[in-house]
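Hi,

Here's the structure I promised to pass along. Have a look at it first, and then read on for my notes.

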Amino acid sequence: QIYSRIVGTGSALPERVLTNADLEKFVDTSDEWIRERTGIRQRHVAAEGETTGDLSTLAAQRALEAAGVKASEIDLIVLGTTTPDIIFPSTACLVQHRLGANGCAAFDVNAACSGFVYALGVADKFIRSGQSKKVLVIGAETLTRMVRWEERETCVLFGDGAGAVVLEASSEPGIYATCLHADGGYKELLWNPVGVSVGFKDDEPNHGVHIRMSGREVFKVAVKTLDALVEETLKAANMEAAQLDWLIPHQANLRIIEATAKRLGMPMEQVIVTVDKHANTSAGSVPLALDFAVRSGKVRRGQNLLLEAFGGGFTWASALLRY
Ligand code: ACO
């Protein structure tokens, strides 16, 4: 049997940091409100002209270096994002050329905050089927481009960043199971309803490109859905929660993360938390958290990791793997 294994991780963040205290200066909010409701203390914000592709390229280069794999050896790039550099070509194609991996298959996956875990699930299938041997999986976002800085309900929540992994075919696990789901019936609770086909709103700032979210409703569905997702994933991998070493959740809100950990009976010492430093970087959040956990020495070879995410669509996805 062929498994896919993570052989290297990397990440990238914009240099500019915006703290809660910085936000207090131009929007009616407080550090205390943001920390208590979300766990966020600061976020990184892309500079003018700094794109999802820039952050992706840097994260990918670091993952390739950690893996000891050359860009020319990569036979597939799957990139999760909902903030591509341009409408087309895909950001995966732009990154492929910059890395020097020209010729391999490359495409984007749009599953909002679940984008990286979706991309990982897709890449895993390519490797298991024998189609690909070495795959670059990226989750990257410049979501602050869609933020209205005067809207306190949303602007405090998001940040920019990217993470990447190199997946390789192996006779040893590897990824045991991935679970991917969506329910488009919830689209209006978290969306950005403008685009090429529907049209843009020329009378609105940023042509109507702007995150709309019913925070409280999203919160409720997210907690319930993630509870069911982690149960499903354990079953698919034929494992018990007690066999997990780390939970690496989507970093949207500390309270959602704590609820999932509680469901699994895992103490917070076994949960990777970066939401305080990065805020919600959507598709970037899980691979950023993974890379931080690897580079800080927390996550070690042979440990079992449960990755999960929930986001606009709604989409939700998980992966249970041996690192
Ligand atoms: N600063 C100060 N006050 C605020 C702010 C702010 N930034 N934002 C809202 N408030 C006020 C509201 O106006 C409201 O005031 P009121 O009681 O006078 O009406 C009060 O705070 C409470 O607002 P709620 O929205 O009910 O607060 P809640 O406890 O639900 O927290 C939050 C809001 C943090 C958005 C929470 O609902 C949440 O995290 N939801 C999930 C969102 C999420 O995870 N989204 C991302 C998942 S998918 C993705 O990543 C794209």
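Below is what turned up, starting with the sheet and ending with a helix pair.

Keep in mind that this is a predicted model. There is an open sheet of five strands, and the pairing in it is mixed. Going across, the order is β1-β7-β6-β4-β5. The edges are taken by β1 (3-12) and β5 (105-109); each has a single partner strand, so one side of each has no neighbour in the sheet. Ignoring direction, neighbouring strands are turned against each other by 20 degrees on average.

Inside the sheet, β6 (residues 134-142) and β7 (residues 160-170) run antiparallel and are joined by nine bridges. If you want one to look up, T142 has D160 in β7 as its bridge partner.

Two helices to check against the sheet:
- α5 (residues 115-128) packs on it and touches β1, β4 (76-80), β5, β6 and β7, with a direction about 160 degrees from that of β4.
- α10 (residues 285-295) also packs on the sheet, touching β1, β6 and β7, and its direction makes about 90 degrees with that of β1.

Then there's the helix pair. How do α7 and α8 pack? The angle between α7 (residues 215-237) and α8 (residues 254-264) is about 30 degrees, and their axes are 10 Å apart. That is under 35 degrees, so α7 counts as roughly parallel to α8. Their crossing is right-handed. On the α7 side the contact uses F219, A222, V223, L226, D227 and V230, while α8 brings I256, A259, T260, R263 and L264. By class, that contact has eight nonpolar residues, one polar and two charged.

Cheers

Conventions: Residues numbered from 1 in each chain as written. Predicted model: local features only at pLDDT ≥ 70, side-chain atom pairs only at ≥ 80, totals over all residues. Axes fitted to C-alpha atoms, helices over the stretch in contact; angles between N-to-C directions. Helix = DSSP H or I, 4+ residues; strand = E, 2+ residues; numbered from the N terminus. Parallel < 35°, antiparallel > 145°, perpendicular 65-115°, else oblique. Left-handed = near helix turned anticlockwise from the far one by under 90°. Contact = placed C-beta atoms within 7 Å. Nonpolar A, V, L, I, M, F, W, Y, C, P; charged D, E, K, R; others polar. Pairing = 2+ DSSP bridges.
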